[in-house]
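Subject: Handing over a structure, with notes

Dear colleague,

I am passing on the structure we talked about, and I would be glad if you opened it beside this message. Please take your time with it before reading further.

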Amino acid sequence: MAKKYYVVWQGRETGIFLDWDTCKKQIDKFAGAKYKSFKTREEAESAFSGNSSAFMGKAKAKPKKFTGKGLKTYAAEEVDNLPVHTKIFTDGGCEPNPGKAGSGVAVYRDGKLSELWFGLFNPNGTNNTAELNALHQALLMAEKEIAKKNSVAIFCDSKYSIQCVTQWAVNWQKKGWIKPGGEIKNLEIIKEAFALYTTIKKSVKVLHVNGHVGVEGNELADRMSIHCIDTKEVKFAPYKVPSSLKTILAMRTG
């Protein structure tokens with residue numbers, strides 16, 4: 001059977017998925033789900049990013065365009081080519097959402113996988129809290145790298161988390177941590193991450209990548225977040241890096 005690539009524009013998680021079972025988890029019984037299969041990765045990436053009107057026209061429904069201020073999505077090749085010493089990838093998982101949540105991080109130095117981390121299990125968490133926790137841990141790691149005079153970039157697949165910490169929190173703080181639309185969810189972790197970010201923001205890039213599109217660091221962070229859920233690890237703990245990455249990539253995905 002020919003391999004297919006599955007694009008999900010609206011679902012529990014969005015992105016490009018490499019098998020139908022994983023794709024189905026994102027869209028099954030999800031109101032307003034928008035998805036389509038493609039024969040090649042190139043077609044899938046083009047359709048997901050919205051660069052091809054032809055592909056979009058064939059999709060089951062036109063995806064909602066993202067209009068977030070100044071938030072670019074970095075492709076795998078751009079991630080690889082970014083001239084940064086330390087690259088930190090983050091991810092959060094939750095089963096179901098809300099439900100059992102965990103966070104994962106993968107750290108690369110000089111282009112090589114250096115560390116894997118997992119933990120912060122919450123039996124009553126959400127995907128957003130897990131993503132924010134992972135981003136916060138990455139900022140803590142970035143702070144140490146900066147102290148060593150290393151250039152750093154953080155890659156996160158949660159636009160919500162990035163925007164909370166790098167864009168929205170500035171005005172929320174000015175207004176006494178309130179917003180016109182009501183309460184700010186996950187406020188405590190946002191405050192912690194924002195406070196740290198403001199001290200190092202001139203020395204760290206916080207960038208967006210799509211989940212499950214072949215960005216190795218993101219895939220490894222994803223596996224770590226699910227490993228946390230499986231092990232119920234409360235602390236944020238190191239995971240021994242295996243000699244073969246296939247061992248990690250073969251683990252259960254989020």
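What follows goes from the whole chain to a few of its helices, loops and single residues. Please keep in mind throughout that this is a predicted model.

The whole chain

The protein chain holds 9 helices and 9 strands. Its radius of gyration is 18 Å, close to the 18 Å that the globule rule gives for 254 residues, so the chain is as compact as a globular protein of that length. Along its principal axes, the C-alpha trace spans about 50 × 50 × 35 Å. Of the 254 residues, 48% count as buried, and the chain exposes about 13300 Å², of which carbon and sulfur atoms supply 51%. If you take the contacts with a separation of 6 or more, residues 24 or more positions apart account for 68% of them.

Helix H6 and its surroundings

Helix H6, which covers residues 159–174, has 16 residues and reaches 22 Å from its first C-alpha to its last, close to the 22 Å expected at 1.5 Å a residue. When you follow H6 along its length, you should find that it bends by about 60° at Trp168. The buried residues of H6 are Ser161, Ile162, Gln163, Cys164, Val165, Thr166, Ala169 and Trp172. What covers the buried residues of H6? The cover includes H5, E7, H7 and strand E8 (204–208). After H6 comes Gly176, whose phi is positive, near 80°.

Leu132, a residue of helix H5

Leu132 lies in helix H5, which runs over residues 127–147. Is Leu132 buried or exposed? Its relative accessible area is 0%, and because buried means under 20%, Leu132 counts as buried. Leaving aside residues up to four places away in sequence, Leu132 touches Tyr160, Ser161, Cys164, Val165, Asn186, Ile189 and Ile190. Among these, Ser161, Cys164 and Val165 also appear in the list of buried residues of H6, while Asn186 lies in the loop between helix H6 and helix H7 (187–200). For a sense of distance, the C-alpha atoms of Leu132 and Asn97, which are 35 residues apart along the chain, are separated by 15 Å.

Backbone details in the loops

The loop between strand E4 (86–95) and strand E5 (99–109) contains Pro96, and Pro98 has its place in the loop between E4 and E5 as well. The peptide bond from Glu95 to Pro96 is cis, with omega near -20°, and another cis peptide bond joins Asn97 and Pro98, with omega at about 0°.

Positive phi values are also worth looking up in the model. Lys149, in the loop between H5 and strand E7 (152–156), has a positive phi of about 70° although it is not a glycine, and with a relative accessible area of 76% Lys149 is exposed. Asn186, which was named above as a contact of Leu132, has a positive phi of about 60° although it is not a glycine either, and at 23% relative accessibility Asn186 counts as partly exposed.

Lys87, a residue of strand E4

Lys87 lies in strand E4, and at 10% relative accessibility this lysine counts as buried. Not counting residues up to four places away in sequence, Lys87 touches Val79, Asp80, Asn81, Leu82, Ala106, Val107, Tyr108, Ala153 and Phe155. One of these partners, Ala106, is 19 residues from Lys87 along the chain, and the C-alpha atoms of the two are separated by 8.3 Å.

The cysteines

How many disulfides does a search of the whole structure find? The search finds 0. A disulfide is a covalent bond between the sulfur atoms of two cysteines. The closest cysteine sulfur to that of Cys94 belongs to Cys228 and is 11 Å away, which is too far for a bond, because a disulfide needs the two sulfur atoms within 2.5 Å. Cys156 is in no disulfide either, and the nearest cysteine sulfur, that of Cys164, is 10 Å away. Cys94 is buried, with a relative accessible area of 15%, and Cys156 is buried too, with a relative accessible area of 0%.

With best wishes

Definitions and conventions:
Residues numbered from 1 in each chain as written. Predicted model: local features only at pLDDT ≥ 70, side-chain atom pairs only at ≥ 80, totals over all residues. Heavy atoms only, no water. Helix = DSSP H or I, 4+ residues; strand = E, 2+ residues; numbered from the N terminus. Buried < 20%, exposed > 50% of the residue type's maximum accessible area, 1.4 Å probe, protein only. Contact = heavy atoms within 4.5 Å. Expected span 1.5 Å × (residues − 1). Bend = angle between axes of the 7 residues up to and from the residue. Rg over C-alpha atoms; globule rule 2.2 N^0.38 Å. Areas by Shrake-Rupley, 256 points an atom, 1.4 Å probe, with all protein chains shown as cover.
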